[in-house]
Amino acid sequence: MRNVIVITLSSILVAFAYNFLLIPHEILSGGLSGIAIMLGIITPLNTGVLNLLLNLPLLILGVMKLGKRFISYTILSVAVLSVSLYIIPIYKATQEPILASLFGGVIVGVAMGLIFRAAGSSGGFDIIAMLLSRKRDFPLGTLIAAMNGIVVAASGFVFSWDAALLTLVSIYATGKVVDTIHTSHIKLTLMIITNKGEEVKQQLLEKLHRGVTIIDAKGAYSGEGRQVLITVITRYQLADVKSTIKETDPKSFVNILQTTEVMGMFDRGTSK
């Protein structure tokens, strides 16, 4: 429920940033939302409707490639954002385009970072970036910014190159804030002490593309046999992993450490 609330409020915040800061100055955001903004400006169609239609193919891809919880949260975010863009009126909150670009990008970055930390995404290029960041160790915000070059070019050709530069400022600010909040490229080492080692291991292997090492142990006070599971994950996976562990063994003890460097095979789907 906490994740649902965070994703809902963050998606509404993105819509306010679009309609109050970016759209009035013909400044685009990144990804498919930026394309939806552009089409909404030059056509009679509403930006919210366009955002929903453009995201449908990638949402289908997400259903096939990503976890059910992640794609459910993403569908929620896309739906709330599209409805909010339709309902919230367009209002020019500032007369200065550079301020609109910078603060619009920062606000969108904060909201998107919170959505990522809640194990979801705002759809569009985020889904592609999530898939790439799972396979290659790249910062998520940098990946999104790199894919947004086409949005900047489109802004220059359709509106003006001043608008394109302001769009670039907005996208850059969004990417930097997302990396600061989300930090998906940061690795975490989990040591899970549990009486249900096989059950926890099976759940982790089904939901993660990571290796899991199991060590037999014994409680010093109780003398009971236990198992220690060790795995390394990325920061964006932590919310799902914590939820999985709580569901499988609420009495387990988990120690979470930030990892400086990883050597060897990081992506792995079987235990070792």
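How many aromatic pairs does the structure hold? Three. Keep in mind as you click around that this is a predicted model.

**Stop 1: the rings of helix 1**

Start by selecting helix 1, residues 2–22, and show the side chains of Phe16 and Phe20. These two residues sit four apart in the helix, so about one helical turn separates them. Their rings make one of the aromatic pairs, with centres 5.3 Å apart and planes at 75°, an edge-to-face arrangement. Now switch on a surface. Phe16 has a relative accessibility of 36%, so Phe16 counts as partly exposed. Phe20 is partly exposed as well, at 24%.

Next, add Tyr91 to your selection. Ring pairs tie Phe16, Phe20 and Tyr91 together as a cluster.

**Stop 2: another ring pair**

Jump along the chain and select Phe157 and Trp161. Here the ring centres lie 5.2 Å apart and the planes meet at 70°; angles over 60 degrees count as edge-to-face, so this pair gets that label too. Turn the surface back on and look at Phe157: its relative accessible area is 67%, and since anything over 50% counts as exposed, Phe157 is exposed.

**Stop 3: a histidine in a loop**

Go back towards the start of the chain and pick His25, which lies in the loop joining helix 1 and helix 2. Is His25 buried or exposed? Buried: its relative accessible area is 13%, and the cut-off for buried is under 20%. To see what is around His25, skip the neighbours within four places in sequence and select its other contacts: Lys92, Thr94, Gln95, Glu96, Pro97 and Ala100.

**Stop 4: helix 2 against helix 8**

For the last view, colour helix 2 (residues 31–42) and helix 8 (residues 149–158). Two things describe a pair of packed helices: the angle between their axes and the distance between those axes. In this case the axes come within 10 Å and cross at roughly 15°. That angle makes helix 2 roughly parallel to helix 8. If you are wondering about handedness, the crossing of helix 2 and helix 8 is left-handed.

Now show side chains at the contact. From helix 2, select Gly31, Gly34, Ile35, Met38 and Ile42; from helix 8, select Val151, Ala154 and Val158, which they meet. Colour these residues by class and you'll find six nonpolar and two polar residues where helix 2 touches helix 8, with no charged ones.

Note on methods: Residues are numbered from 1 along each chain as its sequence is written. This is a predicted model: local features need pLDDT of at least 70, side-chain atom pairs count only at pLDDT 80 or more; totals for chains, interfaces and linings use all residues. Side-chain values use heavy atoms; hydrogens and water are left out. Axes are lines fitted to C-alpha atoms, for helices over the stretch in contact, and angles run from 0 to 180 degrees between N-to-C directions. Angles under 35 degrees count as roughly parallel, over 145 as roughly antiparallel, 65 to 115 as roughly perpendicular and the rest as oblique. A crossing is left-handed if the near helix is turned anticlockwise from the far one by less than a right angle, and right-handed if clockwise. Contact means heavy atoms within 4.5 Å. Ala, Val, Leu, Ile, Met, Phe, Trp, Tyr, Cys and Pro count as nonpolar, Asp, Glu, Lys and Arg as charged, and the others, Gly among them, as polar. Rings of Phe, Tyr and Trp (its six-membered ring) pair if their centres lie within 6.5 Å; planes under 30 degrees apart count as stacked, over 60 as edge-to-face and the rest as tilted. Buried means under 20% relative accessible area, exposed over 50%, partly exposed in between (1.4 Å probe, protein chains only).
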